[in-house]
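Please look over the structure shown here. The report that follows takes it one region at a time.

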Amino acid sequence: MHQPNTILQQVPVQPLLQLEGLSFSYPNGHRAVDNVALALRPGIVGLLGPNGAGKSSLMRMLSTLTRPSAGRILWQGQDIAQTPDALRRVLGYLPQDFGVYPALSAREFLRYLAAVKGLPQRQVVERVDACLAQVGLADAADGRLAGFSGGMRQRVGIAQALLNDPQLLIVDEPTVGLDPEERMRFRHLLTDLAGQRLVILCTHIVSDVEASATDLAVLVGGRLCFAGVPDLLIAKARGRVWDWVVPGERMQAVRNRFPVSASLRQGSEVRLRVISSGRPATEARVIEPSLEDAYVSLLADASGAQDGGHA
């Protein structure tokens with residue numbers, strides 16, 4: 001499971017971004033990223049993993065903010081440790097903790113960031129207005145950021161990441177704190193932006209990648225435990241997902257024995273989606289896995305969880 005994987009082994013063209021044996025360790029010896037190998041083409045790659053899996057450490061290396069402890073990152077065949085500007089020129093990055101100056105308007109804020117990023121002065125006005133329009137904020141461009149919703153601020157964050165018309169767009173946990181409508185709008189925006197770009201969507205929320213990701217990579221404990229298309233991950237979980245209705249008072253006992261990907265209370269009973277390699281109870285019936293089920297199943301395997309066998 002821990003052998004290097006590539007998303008594009010079957011694609012003959014040169015990938016845009018390659019990770020070769022990539023590792024990162026903190027000074028205290030903790031290895032946050034451990035021997036990750038990937039080859040990525042244009043599209044949306046969903047980088048999934050639980051909190052603490054090493055996703056943000058990986059994103060910081062890809063955005064040239066942190067140097068790897070071992071391994072290489074190649075952008076169009078060039079080692080970014082040797083030529084970081086080759087990637088920085090075409091990189092857009094929305095960090096998890098993106099902040100704004102609330103007293104400024106969206107247009108003022110983006111013009112300021114465009115100057116900081118070194119865009120030619122003659123291009124700033126046109127480029128800022130184009131990016132605001134691209135993220136659906138043209139009509140709100142002169143509104144103060146203090147009055148923007150969380151979803152609108154995230155769109156400003158995407159706009160600043162697009163100022164240099166990047167070929168690689170990295171977004172780190174972009175929908176945390178957004179309401180369902182804003183989350184859906186943000187997913188649609190990422191899909192529209194993909195095109196010939198490589199978009200890396202780093203998240204622990206499966207639904208964020210379910211509707212838009214062309215490929216998935218899953219990190220657990222700093223190691224890459226899956227790389228491929230979503231359908232392949234779902235296929236790995238077939239025969240392992242069970243619909244099981246139990247009395248409400250038994251729910252916790254079931255959770256103690258099996259990974260549970262979803263639960264729905266129905267009066268005094270609870271309908272569970274249970275992950276198990278064998279039938280967990282005579283009344284349980286096998287069902288088609290969702291991506292969420294498949295992800296929970298993968299995490300259970302990666303953590304060495306026992307499925308409990310037959311009841």
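Is S261 buried or exposed? The model is predicted, and in it S261 counts as buried, at 16% relative accessibility. The cut-off for buried is under 20% relative accessible area.

## S261 and its neighbours

S261 is found in strand 12. The S261 side chain makes a polar contact with the side chain of D293, at 2.4 Å. Leaving out residues up to four places away in sequence, S261 touches R273, I275, E292, D293 and V296.

## The four-stranded sheet

Strand 12 belongs to an open sheet of four strands. The order is 12-13-11-14, and the pairing is antiparallel. Strands of a sheet pair through backbone hydrogen bonds, either parallel or antiparallel. At the edges of this sheet lie strand 12 (260–266) and strand 14 (285–286). Each of these edge strands pairs on one side only.

Strand 11 (residues 241–247) and strand 13 (residues 269–275) run antiparallel and are joined by seven bridges. V241 has I275 in strand 13 as its bridge partner. V246 is bridged to V270, also in strand 13. I275 thus appears twice in this account: as the bridge partner of V241, and among the residues that S261 touches.

Strand 11 also pairs with strand 14, again in the antiparallel sense, over two bridges. Here W242 has V286 as its bridge partner in strand 14. How many residues of strand 11 are buried? Five of its seven are, leaving the strand mostly covered.

## Helix 10 on the sheet

Helix 10 (residues 291–302) packs on the sheet. Helix 10 touches strand 11, strand 12 and strand 13. The direction of helix 10 makes about 60 degrees with that of strand 13. The polar contact between the side chains of S261 and D293 joins a residue of strand 12 to one within the range of helix 10.

## Helix 3 and its buried face

Which residues of helix 3 are buried? In helix 3 (residues 106–116), they are A106, R107, F109, L110, L113 and A114. Seen down the helix axis, the buried residues fall within an arc of 160 degrees, so they line one face of helix 3.

What covers the buried residues of helix 3? The cover includes helix 4 (121–134) and helix 5 (150–161). G118 follows helix 3, and the phi of G118 is positive, near 85 degrees.

## W75 in strand 4

W75 sits in strand 4 (residues 70–75). W75 counts as buried, at 2% relative accessibility. Which residues does W75 touch, not counting residues up to four places away in sequence? They are L16, L17, I80, A86, L87, V90, Q167 and L168.

L168 is a contact from another part of the sequence. W75 and L168 are 93 residues apart in sequence. In space they are 9.5 Å apart, C-alpha to C-alpha.

## Cysteines

How many disulfides does a search of the whole structure find? The search finds zero. C225 is in no disulfide, and its nearest cysteine sulfur, that of C202, is 14 Å away. A disulfide needs cysteine sulfur atoms within 2.5 Å.

C225 is buried, with a relative accessible area of 10%. C131 is also buried, with a relative accessible area of 0%.

Note on methods. Residues are numbered from 1 along each chain as its sequence is written. This is a predicted model: local features need pLDDT of at least 70, side-chain atom pairs count only at pLDDT 80 or more; totals for chains, interfaces and linings use all residues. Side-chain values use heavy atoms; hydrogens and water are left out. Buried means under 20% relative accessible area, exposed over 50%, partly exposed in between (1.4 Å probe, protein chains only). Contact means heavy atoms within 4.5 Å. Two strands pair if DSSP finds at least two bridges between them. Axes are lines fitted to C-alpha atoms, for helices over the stretch in contact, and angles run from 0 to 180 degrees between N-to-C directions. A polar contact is a pair of N or O atoms within 3.5 Å; within protein, one must be able to donate a hydrogen and the other to accept it, and residues adjacent in sequence count only if both atoms are side-chain atoms. The arc is that of the directions from the helix axis to the C-beta atoms.
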